[in-house]
Amino acid sequence: MPYKSFGFTDHQLMIRDTIIRLMERELPPEKIDALEKASAYPEEAFRVLAEEGWLALPYPEELGGAAATYKDMAVFIEALAYVHPGITSAYMTTVIYGGMQLARNGNEWMRNELLPQLIQGRLKMAIAMSEPSGGSDLAQINTRAVSDGNDWVLSGQKVYITNAHVADRIVVAAKTDPDAGRHGMSLLLVDTKAAGVDIRPMDSLGRRTSLPNEIF
Ligand SMILES: Cc1cc2nc3c(=O)[nH]c(=O)nc-3n(C[C@H](O)[C@H](O)[C@H](O)COP(=O)(O)OP(=O)(O)OC[C@H]3O[C@@H](n4cnc5c(N)ncnc54)[C@H](O)[C@@H]3O)c2cc1C
């Protein structure tokens, strides 16, 4: 098999074979078709990944993770996408885009309370950086976060935010010091049930099991 000649370790080949077998069982073509037609998040396949411990893959062992390398992760992600790109997006938005922020930049509560919930499949996440004015140049975002003394008050609009409609919490990029350019930006963790958060799924042409969203 040509794939096996790329210098992967036995462990990485085991990851690939296990994931393809598992996902082909959970997501046969007719099920993918039904999910796509219903614009439905691949909830059951995501739950199986959680039950089998795969959501812990990239995190350090002291945070309950499996300390996978970048190459391990590349093999794993490619295997998911081989079966269904939508389950890859489901995994990426929660475990990589959201969870890696909790693990690397989070406070004690985020690392010790939220991350275990995420690993168990009880917390879904998304990351909201892009805005209608553009996505490549993040320093140009217009979303503002202003402290009222107790809380940060966010105002602005985000667009193309994958899986925000199923997320429990979203990492939001905002300007906290507009005069400081790229140094005046922060990432805030937003509860999607918080007052004033309005998440609207977009009608994308494809990739309908992990929809993009507008957020106001
Ligand atoms: C399927 C999908 C899922 C997405 N999911 C998310 C998500 O979960 N969260 C999120 O925050 N965003 C998400 N995005 C948005 C994505 O991050 C942006 O589309 C991306 O950052 C590009 O931004 P833009 O589309 O506004 O294009 P622009 O930034 O307007 O760029 C348009 C074009 O101009 C080029 N360009 C821009 N600036 C320069 C420059 N200075 N010099 C030279 N060329 C330049 C770009 O390379 C590109 O070709 C998603 C997008 C897609 C398509």
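**A guided tour from helix α1 to the largest pocket**

Begin by selecting R16, which counts as buried at 10% relative accessibility; buried means under 20% relative accessible area, exposed over 50% and partly exposed in between, with a 1.4 Å probe and protein chains only. The model is predicted: local features need pLDDT of at least 70 and side-chain atom pairs count only at pLDDT 80 or more, whereas totals for chains, interfaces and linings use all residues. Residues are numbered from 1 along each chain as its sequence is written, and side-chain values use heavy atoms, with hydrogens and water left out.

R16 is found in helix α1, residues 10-26. Helices (H or I, at least four residues) and strands (E, at least two) are DSSP runs, numbered from the N terminus. Add Y82 to the selection: R16 lies over the face of this residue, at 5.8 Å from the ring centre. A charge sits over a ring if NZ of Lys or CZ of Arg is within 6 Å of the ring centre and within 35 degrees of the ring normal. Then select G181, 165 residues from R16 along the chain; the C-alpha atoms of R16 and G181 are separated by 42 Å.

**Aromatic pairs**

A search of the whole structure finds 3 aromatic pairs. Select W54 and F76, which form a stacked pair with 5.5 Å centre to centre and 20° between the planes. W54 lies in the loop between α3 (43-51) and α4 (70-83) and F76 in helix α4, so the pair ties together parts that are 22 residues apart in sequence. Rings of Phe, Tyr and Trp (its six-membered ring) pair if their centres lie within 6.5 Å; planes under 30 degrees apart count as stacked, over 60 as edge-to-face and the rest as tilted. Both W54 and F76 are buried. Add Y91, which forms one aromatic cluster with W54 and F76.

**Three loop residues**

Move next to Q120, in the loop between α6 (108-119) and β1 (125-128). Q120 is partly exposed, with a relative accessible area of 47%. Its C-alpha atom is separated by 34 Å from that of D137, 17 residues apart along the chain.

Y160 is found in the loop between β3 and β4. Although Y160 is not a glycine, it has a positive phi of about 65°, and at 57% relative accessibility Y160 counts as exposed. R207, in the loop between β6 (199-201) and β7 (213-215), has a positive phi of about 55° and is likewise not a glycine. R207 is partly exposed, its relative accessible area being 42%.

**The β2-β3 hairpin and the largest pocket**

Select strand β2 (residues 144-147) with β3: the two pair in the antiparallel sense over 4 bridges, where pairing requires that DSSP finds at least two bridges between the strands. A145 stands opposite L154 in β3. The hairpin has 4 residues between its strands, and there G149 takes a positive phi near 105°.

L154 leads on to the largest pocket, which is lined by 21 residues; W152, V153, L154, V190 and V197 lie nearest its centre. On a 1 Å grid over the protein atoms alone, a pocket is an open set of points where a 1.4 Å probe fits, with protein on both sides within 12 Å along at least five of seven lines; lining residues have an atom within 4 Å of a point. Colour β3 (152-155), β4 (169-175) and β5 (185-191), each of which supplies at least two residues of the lining. About 500 Å³ of space lies in this pocket.

How values were computed: Points joined across faces, edges and corners; volume = space filled by probe spheres on them.
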